[in-house]
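Please set out how this chain is organised, from its overall make-up to its nonpolar cores and one loop residue.

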Amino acid sequence: MSRGAGGAAGSGVPGGDGRTVRGVASPGGAGAAGAAPRLLVLRALGLGDLLAGVPALRALRRGFPGYEIVLAAPGVLAPLALATGAVDRVLPAAAPGRAVPAALDWTGPPPDVAVDLHGNGPPSHLLLAGLRPGRLFAFAHPGTPGIDGPPWYADEHERDRWCRLLRWYGLDADPANLRLPPPTPPSPAPGAIVLHPGAGSPARCWPVDRFAAVAGALRARGRHVVVTGGADEGDLVAGVAKEAGLPDADVFGGGLPPDRLSALVAGARAVVSGDTGIAHLAVAHATPSVTLCGPVPPDRWGPPPGDPRHRALWHGPEGDPHGRRPDPALLKITADEVLDALDALPEPSNRPEGTSPWNAHR
């Protein structure tokens with residue numbers, strides 16, 4: 001049974017002083033007399049989590065017109081969060097791994113509405129409840145019996161999960177509403193095929209020598225190949241670059257800022273990666289992609305099914321996503337299989353003029 005979001009969801013309070021606040025939130029200044037009501041969303045997670053939550057964030061924007069929507073998330077993600085058009089401010093918040101932050105730097109009156117898009121347990125529920133919001137949207141959990149919400153299903157795609165949560169509260173939420181607008185910065189490597197060997201755990205990292213084999217085969221066809229990695233993935237990036245003979249100009253290690261990474265992906269021919277944030281970025285920009293899934297199946301975190309621009313390679317069975325070595329399901333994927341998947345992708349709409357079709361040199 002769904003519960004209506006209440007009068008405020010459909011009859012938003014106008015922003016009294018007409019302020020437009022953009023960027024990372026700083027303490028103070030919010031909640032003053034005459035200011036717009038505030039809605040706080042907790043999703044203090046990574047890039048892929050932010051992008052998987054975009055449909056839910058946009059549903060909140062539609063459902064609460066006139067509210068200032070504040071997203072508690074890592075400050076480095078602010079440019080992409082603001083680009084969604086669903087967020088007014090980012091309140092910097094993070095914790096190691098996928099843990100819940102110990103506290104939020106929220107000041108002024110309590111939020112009018114708080115929404116838990118972070119998890120399904122007492123830590124995130126109680127963090128938000130401690131701010132004494134007017135209303136709290138969250139999944140039900142026996143550890144917080146005072147919070148009324150829908151049940152949590154473990155075997156559910158991340159985009160669908162959070163949209164279902166909001167629909168239970170009476171909001172219209174569409175999991176397909178996930179596209180990002182074209183980035184403002186130019187791509188540092190327009191038309192390149194982007195390889196990203198890193199992921200959140202060793203279990204989700206396809207071996208370096210296989211990424212290098214894909215890079216070498218593509219370069220032999222005359223393709224422009226670049227390799228990217230996060231701030232702590234320098235060894236992976238260097239390993240692929242060395243084995244594939246990539247020049248320094250085609251190596252983007254050390255963690256590109258999210259807005260520059262977004263521009264790289266938006267202007268790419270294709271992206272090849274594990275189940276990690278850059279795969280979600282490719283979907284958000286409609287850039288053709290091949291996602292190497294394992295140990296988590298694509299029906300939990302993969303690209304939208306049936307979209308020919310995105311291929312998810314998966315052999316199963318499901319395993320431990322936090323394992324210390326590449327999962328056996330991931331190791332079943334071969335370099336030739338990845339190359340075949342790339343050849344099966346449609347021509348990208350953002351392919352630079354004058355470049356040749358996908359399989360011209362195969």
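The report below goes from the whole chain to the cores and then to a single residue.

## Basis of the values

This is a predicted model, in which local features need pLDDT of at least 70 and side-chain atom pairs count only at pLDDT 80 or more, while totals for chains, interfaces and linings use all residues. Residues are numbered from 1 along each chain as its sequence is written, and side-chain values use heavy atoms, with hydrogens and water left out.

## The chain as a whole

The chain contains 13 helices and eleven strands, taken as DSSP runs numbered from the N terminus (helices H or I, at least four residues; strands E, at least two). Of its 362 residues, 54% count as buried, meaning under 20% relative accessible area with a 1.4 Å probe and protein chains only.

Where two residues at least 6 apart in sequence are in contact (heavy atoms within 4.5 Å), 64% of such contacts join residues at least 24 apart.

## Nonpolar cores

The largest nonpolar core (buried Ala, Val, Leu, Ile, Met, Phe, Trp, Tyr and Cys residues joined through side-chain atoms within 4.5 Å) has 51 residues, and those with the most contacts inside it are L39, V41, L60, V115 and L166. Neighbours within four places in sequence aside, L60 is in contact with L39, V41, I69, V115, L166 and L171. A second, separate core of 29 residues includes A215, V227, V237 and L339.

## T144 in its loop

T144 lies in the loop between strand 5 (135-137) and helix 6 (158-168), and it counts as buried because its relative accessibility is 5%. Not counting residues up to four places away in sequence, T144 touches P122, H125 and L126.

Technical notes. Buried means under 20% relative accessible area, exposed over 50%, partly exposed in between (1.4 Å probe, protein chains only).
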